[in-house]
Amino acid sequence: MTLLRVTPEADPTRTLLRTRDDRQIAEIPAPLGACFGNREVGRVDRDASDAALVAAYSAEIEAFDSDGRDRRAETVTVRLDETNQEWVEDVQDSRRTYFNEHTHSEDEIWFFADGGACFYIRAEGKVHILVATDGNLLSLPAGTRHWFDMGLRPDFRAVRLYLTSEGFDGEFTADKIADGFPHVEDVVREDARAV
Ligand SMILES: [Fe+2]
C-alpha cells in the first residue's frame, strides 16, 4: 500500500500529514511540480520479459506529457538474492549512495510494476516521504531535491521513463539532511504504530 508522510524539513519526528489515500496522495504534491499517481495497468506477470513489461505500460508512457521531448523506457529489476553476498553488498552500497540528497538535470520518472521503494522529496520547507509500491507512478521534475531508499531487502520491478537521450546522473548537494530521516523500514514501522 502506498504511504505518504509529510514532515517539516527541520524536524523529521513531526508529522504534518500522513495518508494512505491514493486520491489524496495524487493531489498533494502538485505544488512541488512533482506527480504521484496510481497507474494500474493490469496484472503484469512477475517474471514477464523486459519487453512485455514496457509493452504493458506503453499507453501510460505514450500519455505522459513529455513536453515535446523524446521518450525512452527502460526496465529496472532488483530481485532479492540474499544467497549472493556480492549482490547484497552491491545493493547496500547503492542504497547508501542514494540515501543522500541529490538532484538530476532531467525529470526522474518511475512506474512501479511490482514492489516499490521510498522517496524523500524536499521542497517548500517540507519533506514528502513517499513509500511507493505496485501501480505507483512517481515523477520528479529536474532539479528537485530528493533522496531514495530501496530498503534492506530490496525487491522491485519498475519501468523508468527518460526524456533525454543523454546519460542520467545524480548531482549530490552535500547537504546531510537525509542523515536525520528514517529509512523505509522505520517509516513503515512508525506508520503501523500510528494507525
Ligand atoms: Fe534520483
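**Exercise 1. Classify Asp67 as buried or exposed, and place it in the chain.**

Step 1. Asp67 has 7 other C-beta atoms within 10 Å, so it is exposed. The cut-offs are these: a residue is buried if 20 or more other C-beta atoms lie within 10 Å of its own, exposed if 12 or fewer, and partly exposed in between, with C-beta atoms placed from the backbone.

Step 2. The structure is a predicted model, in which local features need pLDDT of at least 70, side-chain atom pairs count only at pLDDT 80 or more, and totals for chains, interfaces and linings use all residues. Residues are numbered from 1 along each chain as its sequence is written.

Step 3. Asp67 sits in the loop between helix H3 (58-63) and strand S4 (72-78). Helices (H or I, at least four residues) and strands (E, at least two) are DSSP runs, numbered from the N terminus.

Step 4. The phi of Asp67 is positive, about 55°, although Asp67 is not a glycine.

**Exercise 2. Carry out the same classification for Ala174, Asp90 and Thr15.**

Step 1. Ala174 has 8 C-beta neighbours inside 10 Å and therefore counts as exposed. Ala174 belongs to the loop between strand S12 (170-172) and H5. Its phi is near 75°, a positive value in a residue other than glycine.

Step 2. Asp90 is part of helix H4 (residues 85-98). With 11 other C-beta atoms within 10 Å, Asp90 is exposed. Its C-alpha atom is separated by 36 Å from that of Gln24, and the two residues are 66 apart along the chain.

Step 3. Thr15 has 15 other C-beta atoms within 10 Å, so it is partly exposed. Thr15 lies in the loop between strand S1 (3-8) and strand S2 (17-19). Neighbours within four places in sequence aside, Thr15 is in contact with Arg5 and Thr7; contact means that the C-beta atoms of two residues, placed from the backbone, lie within 7 Å. The C-alpha atoms of Thr15 and Asp191 are separated by 10 Å, with these positions 176 residues apart along the chain.

**Exercise 3. Work out the order of the five-stranded open sheet and identify its edges.**

Step 1. The order is S3-S9-S6-S11-S4, with antiparallel pairing. Two strands pair if DSSP finds at least two bridges between them.

Step 2. Strand S3 (35-38) and S4 are the edge strands; each has a single partner strand, so one side of each is left without a neighbour in the sheet.

Step 3. From one strand to the next, the twist averages 20°. For such angles, axes are lines fitted to C-alpha atoms (for helices over the stretch in contact), and values run from 0 to 180 degrees between N-to-C directions.

Step 4. Begin the pairings with S3 and S9, which are antiparallel over four bridges. Here Gly37 stands opposite Leu137 in S9.

Step 5. S6 and S9 also run antiparallel, joined by four bridges. The S9 partner of Glu108 is Leu140, that of Ile109 is Ser139, and that of Trp110 is Leu138.

Step 6. S6 is joined to S11 by five bridges, again antiparallel. Across this pairing, Phe111 stands opposite Val159 in S11.

Step 7. Seven of the seven residues of S6 are buried, and the strand is mostly covered. S9 is largely enclosed by the rest of the structure because four of its five residues are buried.

**Exercise 4. Describe the largest nonpolar core and state which elements supply it.**

Step 1. The largest nonpolar core has 37 residues. Such a core is a set of buried Ala, Val, Leu, Ile, Met, Phe, Trp, Tyr and Cys residues joined through C-beta atoms within 7 Å.

Step 2. The residues with the most contacts inside this core are Phe111, Cys118, Phe119, Tyr120, Leu130 and Leu138.

Step 3. At least two core residues come from each of S1, strand S6 (108-114), strand S7 (117-123), strand S8 (126-132), strand S9 (136-140), strand S10 (145-149), strand S11 (156-162) and helix H5 (184-194).

Step 4. Take Leu138 as an example. Leaving out neighbours within four places in sequence, Leu138 is in contact with Phe36, Trp110, Phe119, Leu130 and Ala132.

**Exercise 5. Summarise the protein chain as a whole.**

Step 1. The protein chain contains five helices and 12 strands.

Step 2. Its radius of gyration is 16 Å, close to the 16 Å that the globule rule gives for 195 residues, so the chain is as compact as a globular protein of that length. The radius is taken over C-alpha atoms, and the rule is 2.2 Å times the number of residues to the power 0.38.

Step 3. Of the 195 residues, 29% count as buried.
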